[in-house]
Number of protein chains: 2
Amino acid sequence: MPTSTRVPQEERSRATRLRLLDAAVGCLVEFGYAGTSTTLVSERAGVSRGAQLHHFPSKADLLAAAVEHLATVRGEELIERAARLPAGDRPKVLRALAEHFTSPVFDAALELWVAARTDPELRAAVAPLERRIGRQTHRIALAALAADESVPGTRELVQATLDLIRGLGLADALTDDTRRRARVLDRWAEVLDRELGPAPRSAIAQPTS
Amino acid sequence: MPTSTRVPQEERSRATRLRLLDAAVGCLVEFGYAGTSTTLVSERAGVSRGAQLHHFPSKADLLAAAVEHLATVRGEELIERAARLPAGDRPKVLRALAEHFTSPVFDAALELWVAARTDPELRAAVAPLERRIGRQTHRIALAALAADESVPGTRELVQATLDLIRGLGLADALTDDTRRRARVLDRWAEVLDRELGPAPRSAIAQPTS
DNA sequence: TCACAAACCGACAGGCTTGACTGTTTGTCG
DNA sequence: CGACAAACAGTCAAGCCTGTCGGTTTGTGA
């Protein structure tokens, strides 16, 4: 009988699942999508192949779950970053956002993202989640940048900021880009101050959801 | 004896090589890096496996050559786009650049880019070329946007523009993003007009190299 | 205490990929 | 015109990857 009747006394099961998902994400970061085989994942997780197949009957199942897991992790990491952010200090905010988009979780997401382009099944798993955490990121950026979305053009400007940062993250995946990124972002902070008006000291980044 | 002594009377050889490289790029676009096997490439090229291995002894050789080939193609496409560009019309310029970064050649480059992150050999092939066409793109953007790099901050702003467009290209790889992209770019054009000053009607985009 | 189901284990088959290898054609140079 | 090398062709073996399957352990509910 499914989990409905029997309450999962086995936390162990959950733990195994999680080990597998973490390992899958880790493999994506370290070996890329092409280099991530199910065998490798189970080895990295310290889980037998049998157990792996028990939890995730197929590779697609594993990856779909990994996508979901990663989305959660990404959201948490972002909220955490936002929480310890000196709100209103736009250069710092930009730098913190950029850090998030150059971190391992971003690399993993990037792999899934690109792979999903040509894999319909993966795409079906990735696209909706990406939309969700896109909105979440937008909200957080809005608050952290002390931007008022009711002002026309502000929405687009914040989106542009996030797209810019995504582009910087992509560039950083190939070559370490820290110095250039810092210059570009500082320049952009100038622009934002001019376009959005100076940030009021009041605003505190509020991790929404 | 190597090509030095015997002048390659065999154009055919060149043609075969090119068919293979085009096929490789095509496979990247259609099936992604993970789905691009050497067998598939030779089939798509209509070239026997033997011939393929004659020209490119290993998969790494093939891909390295494909990287180079793609860089050339990308450069040519960009120059061509730039040539038929109404210089000074910044919204149009941005749209044209964005189109380039959402075209198949970009998709192929994206695949190689991401794969290179975790494959040192591929990275060694990709990184220097990427730097080169990065500079080329920057020059073209500079001219097309009628930006004066001697003005402090202009360089960074143009870089930001290209990073933004890269980010938009990445977003578009996953989901069709045309409408949102147009809005964001129009907003960006506003910012550029304010920051760079209005574009003089004189400037003509000059495809430098 | 007993029975049952979920968690886990590891061997195995089928398929695909890569690159090595042998043989054939084609064209160029002497 | 003959010899030689490059271009081309196709087969084969080794290895990896995925997913199937029978069997074992564990712990929970009756």
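**Exercise 1. Determine through which surface the two copies meet, and describe that surface on chain A.**

Solution. In this predicted model, 100% of the interface residues of chain A are also interface residues in chain B, so the copies meet through the same surface.

Step 1. The contact joins 39 residues of chain A with 40 residues of chain B.

Step 2. On the side of chain A that touches chain B, the elements giving two or more residues are α1 (11-31), α6 (104-118), α7 (120-144), α8 (154-174) and α9 (178-196). Helix α8(A) supplies the largest share, 13 residues.

Step 3. Sorted by class, this side of chain A holds 21 nonpolar, seven polar and eleven charged residues.

**Exercise 2. State which rotation and shift superpose chain A on chain B, and name the relation.**

Solution. Two copies of a chain are related by a rotation about an axis and a shift along it.

Step 1. Here the rotation is 180 degrees and the shift along the axis is 0.0 Å, with an RMSD of 0.1 Å.

Step 2. These values give the relation of a two-fold axis.

**Exercise 3. Describe the fold of chain A from its secondary structure, dimensions and contacts.**

Solution. Step 1. Chain A has nine helices and zero strands, in the order α-α-α-α-α-α-α-α-α along the sequence.

Step 2. Along the principal axes, its C-alpha atoms fill a box of roughly 60 × 40 × 30 Å.

Step 3. Of the 209 residues of chain A, 41% count as buried. Among contacts in chain A with a separation of 6 or more, 69% are between residues 24 or more positions apart.

**Exercise 4. Establish how the buried residues of helix α5(A) are arranged and what covers them.**

Solution. Step 1. Helix α5 of chain A spans residues 90-100, and its buried residues are Arg90(A), Val93(A), Leu94(A), Leu97(A), Ala98(A) and His100(A).

Step 2. Viewed down the helix axis, these residues fall within an arc of 155 degrees, so they line one face of α5(A).

Step 3. The cover over them includes α4 (59-83), α6, α7, α8 and α9 of chain A.

Step 4. Two of the residues from Step 1 recur in the surroundings of Leu145(A). Beyond its neighbours within four places in sequence, Leu145(A) is in contact with Arg90(A), Val93(A), Val158(A), Leu192(A) and Leu196(A). Leu145(A) is also among the residues that touch the most other members of the largest nonpolar core, which has 123 residues; the others are Ala24(A), Leu112(A), Ala24(B), Leu112(B) and Leu145(B).

**Exercise 5. Characterise the backbone and the burial of Ala146 in each chain.**

Solution. Step 1. Most residues other than glycine have a negative phi. Ala146(A), although not a glycine, has a positive phi of about 55 degrees, and the phi of Ala146(B) is likewise positive, near 55 degrees.

Step 2. Ala146(A) lies in the loop between α7 and α8 of chain A; Ala146(B) lies in the loop between α7 (120-144) and α8 (154-174) of chain B.

Step 3. The cut-off for a buried residue is 20 or more other C-beta atoms within 10 Å. Ala146(A) has 22 and is therefore buried; Ala146(B), also with 22, counts as buried.

**Exercise 6. Locate Leu174(A), classify its exposure, and identify its contacts.**

Solution. Step 1. Leu174(A) is in helix α8 of chain A. Its C-alpha lies 26 Å from that of Leu157(A), 17 residues away in sequence.

Step 2. With 17 C-beta neighbours inside 10 Å, Leu174(A) counts as partly exposed.

Step 3. Neighbours within four places in sequence aside, Leu174(A) is in contact with Trp113(B), Ala116(B), Arg117(B), Val126(B), Ala127(B) and Glu130(B).

Definitions and conventions: Residues numbered from 1 in each chain as written. Chains lettered and ligands numbered in written order. Predicted model: local features only at pLDDT ≥ 70, side-chain atom pairs only at ≥ 80, totals over all residues. Contact = placed C-beta atoms within 7 Å. Helix = DSSP H or I, 4+ residues; strand = E, 2+ residues; numbered from the N terminus. Nonpolar A, V, L, I, M, F, W, Y, C, P; charged D, E, K, R; others polar. Buried ≥ 20, exposed ≤ 12 C-beta atoms within 10 Å, placed from the backbone. Arc of directions from axis to C-beta. Least-squares fit on C-alpha atoms with pLDDT ≥ 70 in both. Core = buried A, V, L, I, M, F, W, Y, C linked by C-beta atoms within 7 Å.
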